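Here are a few short exercises to work through with the model open beside you. Try each task before reading its solution.

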Amino acid sequence: MSTEQAPPSSASSVPSSIPPPSYHLCKGVNGLEKVLLRESRGSSAEVYLYGGHVTSWKNDHGEELLFLSSKAIFKPPKAIRGGIPICFPQFGSHGTLEQHGFARNRFWVIDNDPPPFPTNTSSRAFVDLILKPSEEDAKIWPHSFEFRLRVALGPGGDLMLTSRIRNTNPDGKPFSFTFAYHTYFSVSDISEVRVEGLETLDYLDNLQNKERFTEQGDALTFESEVDKIYLSTPTKIAILDHEKKRTFVLRKDGLPDAVVWNPWDKKAKAMADLADDEYKHMLCVEAAAVEKSITLKPGEEWRGRLELSAVPSSYCSGQLDPQRVLQGI
């Protein structure tokens with residue numbers, strides 16, 4: 001979705017006609033505050049105010065759909081390993097800031113009176129968070145912004161994240177950023193997983209100095225470390241888990257790129273907050289805007305939306321049938 005002129009800032013003071021959402025605020029690991037969302041049919045999600053970080057997404061059977069490291073460190077300023085970290089205002093090392101920027105290790109606050117928020121879900125299971133720069137942030141990234149994040153559960157258990165980033169610079173200067181929802185999916189066995197929807201696309205390989213290549217396979221499968229940024233990707237991508245007969249479907253808007261990452265065994269052993277064998281049970285497929293940074297003029301707002309769903313996979317000729325998912329859902 002392209003940038004657009006944001007509503008006047010006074011809109012935030014206008015009472016919303018939407019009834020207040022139902023969520024439960026409680027203490028999580030190490031006393032960090034988290035929001036619990038539960039949809040009426042039983043699906044749920046957890047969002048830590050630290051990082052605006054979704055750490056859990058369960059279906060109506062109580063099955064965990066996101067991967068969270070057993071060694072995740074819930075202690076600022078360390079980012080939480082797993083779930084859905086938010087990379088802003090920089091993805092990876094694509095800039096001068098720390099890896100993946102600072103949004104994932106800042107404390108967000110609940111926004112109980114957000115500006116009007118177009119939404120296509122009737123769910124009351126949502127929470128609005130907001131992040132504004134601190135004085136320390138302004139020293140390393142000298143821009144004024146408002147980052148509003150809505151996390152919602154749809155009636156069918158879908159997880160939806162919508163980010164709205166607005167340039168509030170008083171000096172009339174634009175700013176640019178890169179972005180990603182760094183989603184860790186829980187999978188049965190990385191060797192049994194395939195990703196559909198990225199075939200024949202160009203990608204930047206972070207393992208080869210961001211050199212550009214074209215994907216040759218008819219699907220992505222995994223036999224070693226992978227760290228690729230796929231460019232100009234479709235709005236829908238499917239992750240097929242053969243063993244669990246489950247397919248994750250990503251739908252995205254405003255996020256042209258897709259990052260695919262798994263550290264594999266050697267790198268996993270070097271990561272203090274990831275158990276040695278946990279790489280087998282995780283796969284990151286990330287909706288992102290990396291190759292071309294997003295630039296906002298003062299008053300402009302950008303929106304980036306991610307919708308995740310998990311559906312049973314069907315078999316076709318002995319393999320999971322992705323086309324039904326990619327075309328028919």
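**Exercise 1. Take stock of the chain: how many helices and strands does it have?**

Solution. This is a predicted model. Counting along the chain gives 3 helices and 24 strands. Next, look at burial: 55% of the 329 residues count as buried. The surface comes last, with about 14400 Å² exposed, 49% of it supplied by carbon and sulfur atoms.

**Exercise 2. Find the largest nonpolar core and say which strand gives the most to it.**

Solution. Start with the core itself, which has 71 residues. Among those with the most contacts inside it are Phe-88, Phe-147, Leu-159 and Leu-283. Strand β21, residues 282–296, gives the most to this core, with 8 residues. Another core, of 9 residues, lies apart from it and includes Cys-87, Phe-91, Ala-180 and Leu-204.

Now zoom in on Leu-159. Leaving aside neighbours within four places in sequence, Leu-159 is in contact with residues including Val-54, Trp-57, Ile-84 and Leu-306.

**Exercise 3. Trace the open sheet of 4 strands: which strands stand at the edges?**

Solution. First write down the order, β2-β3-β4-β5, with antiparallel pairing. Then look at the ends: β2 (24–27) and β5 (53–58) each have a single partner strand, so one side of each is left without a neighbour in the sheet. From one strand to the next, the twist averages 25°.

Finally, follow one pairing. Strand β4 (residues 44–48) runs antiparallel to β5, and 5 bridges join the two. One residue to locate is Val-47, whose bridge partner in β5 is Val-54. Val-54 is also among the contacts of Leu-159.

Conventions: Residues numbered from 1 in each chain as written. Predicted model: local features only at pLDDT ≥ 70, side-chain atom pairs only at ≥ 80, totals over all residues. Heavy atoms only, no water. Core = buried A, V, L, I, M, F, W, Y, C linked by side-chain atoms within 4.5 Å. Buried < 20%, exposed > 50% of the residue type's maximum accessible area, 1.4 Å probe, protein only. Contact = heavy atoms within 4.5 Å. Pairing = 2+ DSSP bridges. Axes fitted to C-alpha atoms, helices over the stretch in contact; angles between N-to-C directions. Areas by Shrake-Rupley, 256 points an atom, 1.4 Å probe, with all protein chains shown as cover.
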